[in-house]
Amino acid sequence: MLMRSEPFTDVNRLAQQLLGGSATGTWSRPTVMPVDAYRNGDEFVIVLDLPGVDTDAIDIDVERNVLTVRAERRPVDLGEQAQATLTERPFGVFSRQMFLGDALDTDRIQATYQHGVLALRIPIAEKAKPRKITVSGHAESDPKVISG
């Protein structure tokens, strides 16, 4: 159903945590966003955490079964008189790319964004759903079974 296209995502995340790298993503080097993916009945669900991101700053594309989600969390304008004493919340560009299998109907993806969580629901394609195949009776043109 889903193949990860970013083999070094976990390695990069671990290195960033251990080495204290910048949490600010750029358009050329975006930060990876956390994701969960699961099948729920006749649909595949992908859930991404994007707290503090406006809906107009979320971009979702599908091209040749490659799903790309990009978002930008802009820094809060503190005003001219404010002096930040602690800034831990990451901002900048976040991105995630995933390969979707042929079993998914990418023409009918639905996206909802609520409480900082983006949920993508992708129906399972009709051709990929389990189905019964009926067996017809013996016909004259069918091969003869020789019993021994």
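The paragraphs below go through a sheet, a nonpolar core and one loop residue of this structure.

The model is predicted, and for that reason local features need pLDDT of at least 70, side-chain atom pairs count only at pLDDT 80 or more, and totals for chains, interfaces and linings use all residues. Residues are numbered from 1 along each chain as its sequence is written, and side-chain values use heavy atoms, with hydrogens and water left out.

We begin with the sheet. Four strands, where a strand is a DSSP run (E) of at least two residues numbered from the N terminus, form an open sheet of 4 strands in the order β3-β4-β9-β8 with antiparallel pairing; two strands pair if DSSP finds at least two bridges between them. At its edges lie β3 (35-40) and β8 (110-114), each of which pairs on one side only, and from one strand to the next the twist averages 20 degrees, with axes being lines fitted to C-alpha atoms and angles running from 0 to 180 degrees between N-to-C directions. Between β3 and β4 the antiparallel pairing extends over 6 bridges, and Asp36 stands opposite Val47 in β4.

The largest nonpolar core, a set of buried (under 20% relative accessible area, 1.4 Å probe, protein chains only) Ala, Val, Leu, Ile, Met, Phe, Trp, Tyr and Cys residues joined through side-chain atoms within 4.5 Å, has 19 residues, and among those with the most contacts inside it are Ile46, Leu48 and Leu118. At least two residues of this core come from each of β4, β6 (66-73), β7 (92-100) and β9 (117-123).

Thr55, in the loop between β4 (43-49) and β5 (58-63), is exposed (over 50%), with a relative accessible area of 56%. Its C-alpha atom is separated by 9.4 Å from that of Leu118, 63 residues apart along the chain.
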